[in-house]
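Please take a moment to look over the sequence and the model before reading on. The briefing below goes through them topic by topic.

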Amino acid sequence: LSKLVRGAEDALTGKLWADDSQVVHVNAWKLYTTEQPRAEYRIVEIDQPITAHVIEQIEADQNFSLPW
């Protein structure tokens, strides 16, 4: 799982961010399913200082559906 996250961060360097050190929070999990294998990403640009409250707001955002 960590290699998948690192691979995505590296692949998006120079496209979505200048350096992957700009990534400040990652929430990742594996899900085993009978459906087509895939990786899903949700990237949120944060335009304010990162605090625990900001991260809680991002995680509470229900604009995406989990596959289960």
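How much area does the chain expose, and what share of it do carbon and sulfur atoms supply? The chain exposes about 5900 Å², and carbon and sulfur atoms supply 53% of that area. Please keep in mind throughout that this is a predicted model, in which the chain has 2 helices and 0 strands.

**Overall build and confidence**

- Of the 68 residues in the chain, buried residues make up 9%, where buried means a relative accessible area under 20%.
- When contacts between residues at least 6 apart in sequence are considered, 50% of them join residues that are at least 24 apart.
- The pLDDT, which is the predictor's confidence in each residue, averages 79 over the chain, and 88% of the residues score at least 70.
- Over residues 64-68, however, the pLDDT is below 50, and this stretch has 6 contacts in the model beyond near neighbours in sequence.

**A nonpolar patch on the surface**

- The residues L1, L4, L16, Y41 and I43 make a nonpolar surface patch of about 490 Å².
- One of these patch residues, L1, has its place in the segment before helix 1, a helix that covers residues 2-12.
- With a relative accessible area of 38%, L1 counts as partly exposed, because that value falls between the 20% limit for buried and the 50% limit for exposed residues.

**Charged side chains that pair**

- Side chains of opposite charge can pair when their charged atoms come close.
- The structure holds 2 salt bridges, and one of them joins the side chains of E35 and R38, with a distance of 3.4 Å from N to O.
- R38 also forms a salt bridge with E40, and here the closest N and O atoms are 2.5 Å apart.
- Because these salt bridges share partners, E35, R38 and E40 are joined into one network.
- Within this network, E35 is partly exposed at a relative accessible area of 46%, and R38 is likewise partly exposed at 45%, whereas E40 counts as exposed at 52% relative accessibility.

**A buried charge without a salt bridge**

- E9 lies in helix 1, and although E9 is buried, this residue has no salt bridge.
- Why does E9 have no salt bridge? The nearest side chain of opposite charge, that of R6, is 6.6 Å away from E9, and a salt bridge needs a side-chain nitrogen within 4 Å of a carboxyl oxygen, so this pair does not qualify.
- Leaving aside residues up to four places away in sequence, E9 touches W17, D20, V23 and V26.

Methods
Residues numbered from 1 in each chain as written. Predicted model: local features only at pLDDT ≥ 70, side-chain atom pairs only at ≥ 80, totals over all residues. Heavy atoms only, no water. Helix = DSSP H or I, 4+ residues; strand = E, 2+ residues; numbered from the N terminus. Buried < 20%, exposed > 50% of the residue type's maximum accessible area, 1.4 Å probe, protein only. Contact = heavy atoms within 4.5 Å. Areas by Shrake-Rupley, 256 points an atom, 1.4 Å probe, with all protein chains shown as cover. Patch = residues over 30% accessible without salt bridge, like charges linked within 9 Å, V, L, I, M, F, W, Y side chains within 5 Å. pLDDT = per-residue confidence, 0-100. Lys, Arg positive; Asp, Glu negative; His and termini not counted.
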